[in-house]
Amino acid sequence: MASEPSLVERADEARLVESAIKRAASAGGGGFVLFDGPPGIGKTSMLREAMDAALTLGFIVLSARGMDLEQGLAWGMVHQMLRLRQSLLTARTGSSDAADLARSNLSGLANERRVPPAPSEYALMHSLFWLISDIAVDRPLLIAADDLHWADLPSLRFLAYLSARIEGLPIVVVAATRSGSARAEHILSAIAENHETTVRTLRPLSLDAIGNLLREVLGYEPDRSFVYRCHELTRGNPLLLHELAKHVKNGGNREALGSLTALDDAPIPSVAKYVDLQLRRLSPQARQAMQALAVLGTEARPDQIAQVAHIRVPVALDGLNALQANELVAPAAPPGTFVISHPLIRASVYDGISPLVRARMHTDAARMALRAYDTEIAATHLLRVPPNLALDINAPEVLSAAAATCIARGAVEGAVAYLRRLLDEELGTERVKVLTQLGMMEAGIDAASARRHLSSALAGERDPGRREMIQLALVAVAFLDSGPGECLKTALQYLADDTDQSIGTKRALQADAVLMSAMTPVDLGTKAYIDNLLTIPSDSSVGGRMLDAAVGLLHAFACERPPAIARALNATGDHALLAEPGAEPLLAAAWSTLELCDAPELLPRLDRSIETLRSGQAAGVLAAALCYRAIVTRDQGNLQEAIFDAYAAWEITVTSGSRTGAAFTANVLIRALVESGRFADAETILRRVKSLWPPSLLDYVYSDGESAILLARGGIDQALLRAMRTGESCSLVRLMNPVIVGWRGVAVYCLHRKGRVEEAREIARENTSHAEKWGTPRAIGVARRVAAIPESGDNQLALLAESASALETTPANLELSQSLFALGDAHRRAKHVTEARRDLQSALDLAGQCGALPLTERIIDTLRLLGVRAASARRTGPASLTPGERRVADLAASGLSNRDIAQSLYITVKTVEVHLSSTFRKLEIKSRKELPRVLEDAGREPRSNLPTDT
């Protein structure tokens, strides 16, 4: 049986791969090509074609294939890519520190050892990226990754990380997947959304292509009715068609070849039937070798196959030769090993083994792995062995060790698989401990199972401290499983039922209850209880800081700024919550409150948190910190930096399956993209977040982003409906603050455009009242601009002047630009030409500095009406640098190379080059040698611009 038929009717796909390879070879521009399609459609053939083409052009080629038996093995696909490339794991002169970190973590892979524990999955992905980049320095690189739907998730997340950074690198990834994999869909979607990714779905063969393939196999021109019947039987699947043609050809009836008669005894095409027919012709020992190779799941040596098949090595070799002659098995790498030639063949053989024989063979494979000191491979086989069957193997010990290894590497999915199997063993008093550990691990991937296992653990746990830990975990998974209403109910239940809790646990549960009341409607009794919690004094304990974070946000909802900022500052002080399990939503709440208050302490605290979190395990907290830094930089008008941080946060949230985090991130990302003129990108993000958003949560979280798209596209009616629906959602949770959700501003604009002026004025007055109560200049400035929309004449001019005056005292340059534009346009309509030119030019300068292209174009068009040929003024000097530019400039001034800077700041070399180009232009210099002098002249020593906060 052929592993794959020759390429037929795939010219367009071949040209796509060829173009990507030639681009990487000549211009150094990378690309990611993802083929999708059902089994046997030709995906593997496309990858083989890509590898052959790349080798011809001198590429380094790395290949790997996802395997269903290895889905739980952390970094299994990365292991496959590099295990035969020991030379690539040797440190080279000029290699980056991050790449050397990856080498130290991956050294030994060629000796069949698995990836050792890394500081964090995110840090290891970053170091792997630099290792791959280093490999491609001298020669371009092609990575062929087959069957991504079966890949282990850490490796798959790395490919997503690479796909977002591949632009400008001489690297091509050609990958194949099969749609419908629920476990990997969120990561595959993230890969598909990246700009450098091209997705192509392989289609069934046409009648003409079927005729050509049949002619190639049969050596004879088939008649048209034969072609039609083959199409009907195989539905254009190349693999099935090839096997059907071989079956006909091997039937021996030369006269019937190419006619319907030849199909009389042909089975309904399926891989299983064709494999079974071929295996029946071979010796029993060959069939045993084939079954052993199917159980082992990957390439194996003849002696390994012999051990599992219970045959002698020479007999195994004879069987392998016969299997190879029938194209069922192929030589593999390393030399001397064999692999089943196609995943479909392996699956059909594996499924055909009786359950008892299969379990026995997996047990033998586990014993063999343990003799080689490979506990994780042994545990992988034990997953498929019923309990109490392998009596000579200490299954609990093996499964526990494998789970611990996965946990150390951050490979949650693998740990869950081993712990679930461990529950089938006799565990005695250890059962509660395993249930607790399993529930904790399941929280992010299967909340319903986590809730069930943690509830069982809580029922059996007697230790007070562990009971409290389980209670806190159950509150968190109640949110993930059923939404904020159930989470609130669970927190209140534990507060009422367990009166002996420690004060720290009590405060943490109270914090969860307060936070959930900001996300779901509550009855009067619960409202009174929550209001009472708001009066609990602050303290510096971890639980107290958690409560402060939630209480501060509720004060912000009610436009009560002094208590809000005091609580948020205490919550984020000393960064005490960064390492606290389960504190991500509460930290996000505190950061949100500080952003709403325009607190100058926030940005330094975020910078320090990001620096700390990048080397830790809390990827969700890192995403939240990046998200809120994006919000702050957008507030300040640094749109490109906001987009960069927001995309980094988006990447983490969508590949980890965090739907709530993705929605918060999408809101700022969509707004910044729209304000930069990248409407198509914004719409892509909106479509994705809508598909992710659970119906149990109020969708006001991303309403500002959606409204921005609707208004940019001229959808006044849709934007008004969205705004009013958002207003209703906000009222359900007592959210009054216009800085949190700007639905009133959207409603005022839309109502005014529809001629409903009095309604617009009423909402504008309400908006102004809440903004004045909140009291920040930014809130007041924006509210004045909103209030001016339904007004005219002197009243409108006065409101817009007040808006601009308030915003001039803030760093909110984009908001100031919008107010100055509105003021200048109002002066133009009032025939105040001098004032109009002055304000419009100031608005243009600010909009240009922010990178707000649509706003810039509108201002220029308005200036043309005044007869002015406008251009925005360039800001120069160190003060004009954005925070990101300043960070890069300081590191460049200290002597770091572009690659070292990129590695240090977790960005790409291209991003460093863009920042330095902009920095040189703003500082009016021509080389990095001048940076120390210019920065020192500005009164600062060159250093990393990562502010600290005490």
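Where is His310 found? In this predicted model, His310 lies in the loop that runs between helix H13 (302-309) and helix H14 (313-325). The backbone here deserves a look, as phi of His310 is near 60 degrees, a positive value in a residue other than glycine. A second backbone feature concerns the peptide bond that joins Ala333 and Pro334, which is cis, with omega at about 5 degrees. Pro334 also has its place in a loop, here between strand S6 (329-332) and strand S7 (337-340).

Two helix pairs can be followed on screen. In the pair formed by helix H22 (residues 464-482) and helix H23 (residues 484-497), the axes come within 7 Å and cross at roughly 160 degrees. An angle over 145 degrees counts as roughly antiparallel, and H22 and H23 are therefore roughly antiparallel to each other. The crossing of H22 past H23 is right-handed. On the H22 side, the contact is made by Gln471, Leu474, Val475, Ala478, Phe479 and Ser482. These residues meet Pro484, Glu486, Cys487, Thr490, Ala491 and Tyr494 of H23. Sorted by character, the residues of this contact comprise eight nonpolar, three polar and one charged.

The other pair consists of helix H34 (residues 703-712) and helix H35 (residues 716-732), whose axes come within 8 Å and cross at roughly 165 degrees. By the cut-off of 145 degrees, H34 and H35 are therefore roughly antiparallel to each other. The handedness of the crossing of H34 and H35 is left-handed. From H34, the residues in contact are Ser703, Glu706, Ser707, Leu710 and Leu711. Their partners in H35 are Ile716, Gln718, Ala719, Arg722 and Thr726. The residues of this contact divide into four nonpolar, four polar and two charged.

Attention then turns to enclosed space. Rolling a probe the size of a water molecule over the atoms shows where empty space is left. A search of the whole structure returns five cavities of 30 Å³ or more, and the largest cavity has a volume of about 70 Å³. Which residues are the closest to the centre of the largest cavity? Of the 12 residues in its lining, they are Gly40, Lys43, Thr44, Asp147 and His342. Helix H2 (43-56) and helix H15 (343-352) are the elements that give two or more residues to the lining of the largest cavity. By character, the lining of the largest cavity divides into three nonpolar, four polar and five charged residues.

Conventions:
Residues numbered from 1 in each chain as written. Predicted model: local features only at pLDDT ≥ 70, side-chain atom pairs only at ≥ 80, totals over all residues. Heavy atoms only, no water. Axes fitted to C-alpha atoms, helices over the stretch in contact; angles between N-to-C directions. Helix = DSSP H or I, 4+ residues; strand = E, 2+ residues; numbered from the N terminus. Parallel < 35°, antiparallel > 145°, perpendicular 65-115°, else oblique. Left-handed = near helix turned anticlockwise from the far one by under 90°. Contact = heavy atoms within 4.5 Å. Nonpolar A, V, L, I, M, F, W, Y, C, P; charged D, E, K, R; others polar. 1 Å grid on protein atoms, 1.4 Å probe; cavity = no way out; pocket = protein on both sides within 12 Å on 5 of 7 lines; lining within 4 Å. Points joined across faces, edges and corners; volume = space filled by probe spheres on them.
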